[in-house]
Amino acid sequence: MSRHVLSRRTLLGLALSLGLLAAVPAQAETTLRIGYQKSSTLISLLKSQGNLEKALAAHDIKVSWHEFASGQPLLEALNVGNVDISADVADTVPVFAQAAGAQLAYFARETPSPSAQAILVREGSPLHNLAELKGKKVAVTKAAGAHYLLIAALAKANLKFSDIQPAYLTPADGRAAFENGKVDAWVIWEPFLSAAQRQLPTRTLASSQGLASYQRYYLTSTRFAKEHPQVLQTVYGELAKAGKWLRANPAEAAKILGPLWGNLDPAIVEQANSRRSYEVRPVEKNGLGEQQKIADAFFAEGLLPKRVNAGDVAVWQPEPRDAQ
């Protein structure tokens, strides 16, 4: 088995090593525990504006917020019951969670945003097409949406993942390696993509267009979906409202999000957000075709410990009035 395989033990070990599972205390049933990442845009807006807390307070439900470094430990915490719902994670993350045996349910998605990912090279790089990545060192975050983009881009150039040298790095470490010439290319997503394009001399080797749809999903546990459908109904409705508000107020949203994203210039945030759909929609079982493509691609490259049936997962549906 490839040394790059992410097994359940690996996922759990990562979460434990970061101290993330132990950091989330047990809460009473009247508290909704939300796990999110710094880049969880719509959840961050709801947290900053207090809208979700107001909506849930009408049902005597409080909210506690728990920040995670990445999507993998977030979904592991969800699976073991340390949080109740997960803010958006890239489409690859649930696939790895399924492979690890997690009992999760989709409850919302953001429609495709293929412009929100890209493969970057430095402005003066000798690389001008995907085939020239062969043998090169490429920075990518393991199990992120960018990881699948890299696999799909290599396949388009008739290359396998083993034809490159992957440097598995977080976005921050990936940028440092890219900026210092330690890697030949960097696969990254928003808002890190816009920040690099505006702050560094870069060139886009390939975007996600035609290679990966890049959808983001919101998840909960199968148990929570069965026991608390009205809580999910409220959360879904508020997420949809937040997405509409952001699209209608891009400059104001950028001013709120900039400080949360490391004091990014609002112009960078606004550009990054313009490349994301932020259209919240229900998840349909028959709409998981790309999830299956992702699972099959990772398994074929020896990066998943077993085959995954992307449709073998629970899906919660909102009431019709909130479905659009």
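**View 1. Strand 6 and strand 8 run side by side in parallel.** Welcome to this predicted model; our tour starts with two neighbours. Strand 6 covers residues 137-140 and strand 8 covers residues 185-189, and 2 bridges join them. One residue to look for here is Val 138 in strand 6, whose bridge partner in strand 8 is Ala 185. As a reminder, strands of a sheet pair through backbone hydrogen bonds, either parallel or antiparallel.

**View 2. The pair from View 1 belongs to an open sheet of 5 strands.** Reading across the sheet, the order is 7-6-8-5-9, and the pairing is mixed. Which strands form the edges? They are strand 7 (165-168) and strand 9 (202-207), each of which pairs on one side only. If you compare neighbouring strands of this sheet, they are turned by 30° against each other on average, with direction ignored.

**View 3. Helix 6 packs on the sheet.** This helix spans residues 145-156. Which strands does helix 6 touch? Its contacts are with strand 5 (117-122), strand 6, strand 7, strand 8 and strand 9. The direction of helix 6 makes about 70° with that of strand 5.

**View 4. Helix 7 packs on the sheet too.** Look for residues 171-179 to find this helix. Helix 7 touches strand 5, strand 6, strand 8 and strand 9. Its direction makes about 150° with that of strand 8.

**View 5. Here we turn to the second largest cavity, which holds about 40 Å³ of space.** The structure has 3 cavities of 30 Å³ or more. Around the second largest one you can find Pro 94, Ala 97, Gln 98, Ala 102, Leu 104, Tyr 106, Leu 219 and Val 313. By class, this lining has 7 nonpolar residues and 1 polar residue, with no charged ones. Which elements supply at least two residues each to the lining? They are helix 5 (92-99) and strand 4 (104-110). Helix 5 gives the most, with 3 residues.

**View 6. Stepping back, the chain has 13 helices and 12 strands.** Of its 324 residues, 56% are buried. How much of the contact in the chain joins residues 24 or more positions apart? Among contacts with a separation of 6 or more, such pairs account for 81%. The sheet of Views 2 to 4 uses 5 strands, and the lining of the second largest cavity in View 5 draws on helix 5 and strand 4.

Conventions
Residues numbered from 1 in each chain as written. Predicted model: local features only at pLDDT ≥ 70, side-chain atom pairs only at ≥ 80, totals over all residues. Heavy atoms only, no water. 1 Å grid on protein atoms, 1.4 Å probe; cavity = no way out; pocket = protein on both sides within 12 Å on 5 of 7 lines; lining within 4 Å. Points joined across faces, edges and corners; volume = space filled by probe spheres on them. Nonpolar A, V, L, I, M, F, W, Y, C, P; charged D, E, K, R; others polar. Pairing = 2+ DSSP bridges. Axes fitted to C-alpha atoms, helices over the stretch in contact; angles between N-to-C directions. Contact = heavy atoms within 4.5 Å. Buried < 20%, exposed > 50% of the residue type's maximum accessible area, 1.4 Å probe, protein only.
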